[in-house]
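Keep the sequence and the 3D view side by side while reading. The walk below goes from a sheet to a helix and then to a hairpin.

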Amino acid sequence: MNKRSDIIVIGAGAVGMLSARRLAQAGHKVVLLERDRAGRGTSRAGGGIMSPLVPWEAPAAVMDLAARSLPMLPRLAEQLIHWTGIDPEYRATGMIYLDCPDPEAALAFARRTGQRAEVLDADRLARVAPAAARGEGPAAWLPDIGQIRNPRFLDALVADLERVGVELLDRAGEVKLQPAGNGVTVEAGRHGRLEAAEVVIAAGAWSGSLVAPLGLELPLRPVRGQILWYMLPRPVLGQMLMRAGRYVIPRQDGVVLVGSTLEDAGFDNATTAEAARELQEAAAGMMPLLGTLAVQGQWAGLRPGSPEGVPMIGRVPGVDGLWLNTGHFRNGVNLAPGSAELLEALLGGAEPPLDPGPYDPARHVARKG
């Protein structure tokens, strides 16, 4: 097959699917290419916290993009329910930061961004979240932070691709970029050769290996994260919890996720007993009931680690028609709508919704040698 379209998007995770949807809705003929099954990669493995984990500590560029992206999610979830019948379970359950080391910073962040926030002493914490562990210090409660159920969100996006006019080519196998004049063509495994005026790489931790044949290097590394899940005998926790970089996420059906690790393990996405022990200890420390329950399962995903966790969004210098939307580290799902908005504006020559400078691939893309 030698197939031509306006735009090829490589990578059918949250960032790739929302980029393809946005570009198709803008009138482009879009092919979305995935080496495996759409919506089954790293995006599916995430916990679904719809905020940078500790937002008052996040880089300004991440928070500026979050300010565009996060308000889009509730409406997008409603639309997906209507169009596909799949509920992504977006809920503003809030986050409680147990033993918060700097509650004043949390309050100051909330004032800047117009969110609600409250510092909880032990008595107030016991009333707000009786199942949460009591700590030595105060807790910070941000009730407006939301969560989404990643697998359901991704399944809804896959189901909606045809409606918006995106052609999905998944289970491609090995995907390669080949130089073609000043641009590129795409060798799409079993789908043959694809050609397009523009190619967008949204392949997460695998983005660097895709551009390597073009003599380019990206400062991306895979960072493994592992998560456990439990099943509660009854609903006893309404809010998400966080302490010392670990989190507890309760779902409405009694499932509870506990995560996550940060591991430099290359492209090895195996789970480990060591991580399970660490996460079990963290779970019991945040919610004592979890210390009495059996772990139901464990999984891992490979995040695209980038400098300071700031994604690369925009044109690749020196290669005609090549674009990036990658490097979101731990914030792929929650930054995906805003990232797609920025990419679509830049690709279409429109006024960008925020300063594109911090995300410009020219800041990081290097020529080999």
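In this predicted model, eight strands make up an open sheet with mixed pairing, in the order β5-β6-β4-β14-β15-β16-β13-β17. Its edge strands are β5 (118–120) and β17, each of which pairs on one side only. From one strand to the next, the twist averages 25°. As background, strands of a sheet pair through backbone hydrogen bonds, and the pairing may be parallel or antiparallel.

At the β17 edge, the partner is strand β13 (residues 221–231), and the two pair in the antiparallel sense over nine bridges. One point to find on screen is Gly225, whose bridge partner in β17 is Gly301. Helix α9 (residues 273–286) lies across this part of the sheet: β13, β14 (240–243), β15 (246–250), β16 (255–259) and β17. The helix runs at about 55° to β13.

Staying on the edge strand, Pro304 belongs to β17, which covers residues 297–305. Is Pro304 buried or exposed? Its relative accessible area is 9%, and because buried means under 20%, Pro304 counts as buried. Leaving aside residues up to four places away in sequence, Pro304 touches Gly204, Ala205, Leu220, Arg221, Gly327, His328 and Phe329. The C-alpha atoms of Pro304 and Thr42 are separated by 9.0 Å, although these residues are 262 apart along the chain.

From Thr42 the view moves to helix α2, made of residues 42–45, where Arg44 is found. Arg44 has a relative accessibility of 16% and therefore counts as buried. Beyond residues up to four places away in sequence, Arg44 touches Gly39, Asn150, Pro151, Leu154 and Asp155.

Several of these contacts lead into helix α7 (residues 150–164). How far apart are the end C-alpha atoms of α7? The distance is 21 Å, which agrees with the 21 Å that its 15 residues should span at 1.5 Å a residue. The buried residues in α7 are Asn150, Phe153, Leu154, Ala156, Leu157, Asp160, Leu161 and Val164. An α-helix has 3.6 residues a turn, so residues three or four places apart point the same way. What covers the buried residues of α7 includes α1 (14–25), β2 (30–33), α2, α4 (72–84), β8 (166–169) and α10 (332–348). After α7 comes Gly165, with a positive phi near 95°.

Of those elements, α1 can be followed in detail. The axes of α1 and α7 are 10 Å apart, and the helices pack at an angle of about 25°. Angles under 35 degrees count as roughly parallel, and α1 and α7 are therefore roughly parallel to each other. Their crossing is left-handed. On the α1 side, the residues in contact are Ala14, Met17, Leu18, Arg21, Ala24 and Gln25. They meet Phe153, Leu154, Leu157, Val158, Asp160, Leu161, Arg163 and Val164 in α7. Among these α7 residues, Phe153, Leu154, Leu157, Asp160, Leu161 and Val164 are buried.

The last stop is a hairpin formed by β9 and β10, with two residues between the strands. Strand β9 (residues 175–180) pairs with strand β10 (residues 183–188) in the antiparallel sense over six bridges. Pro179 stands opposite Val184 in β10. In the turn, Gly181 has a positive phi of about 65°.

Notes:
Residues are numbered from 1 along each chain as its sequence is written. This is a predicted model: local features need pLDDT of at least 70, side-chain atom pairs count only at pLDDT 80 or more; totals for chains, interfaces and linings use all residues. Side-chain values use heavy atoms; hydrogens and water are left out. Helices (H or I, at least four residues) and strands (E, at least two) are DSSP runs, numbered from the N terminus. Buried means under 20% relative accessible area, exposed over 50%, partly exposed in between (1.4 Å probe, protein chains only). Contact means heavy atoms within 4.5 Å. Two strands pair if DSSP finds at least two bridges between them. The expected span of a helix is 1.5 Å times one less than its number of residues. Axes are lines fitted to C-alpha atoms, for helices over the stretch in contact, and angles run from 0 to 180 degrees between N-to-C directions. Angles under 35 degrees count as roughly parallel, over 145 as roughly antiparallel, 65 to 115 as roughly perpendicular and the rest as oblique. A crossing is left-handed if the near helix is turned anticlockwise from the far one by less than a right angle, and right-handed if clockwise.
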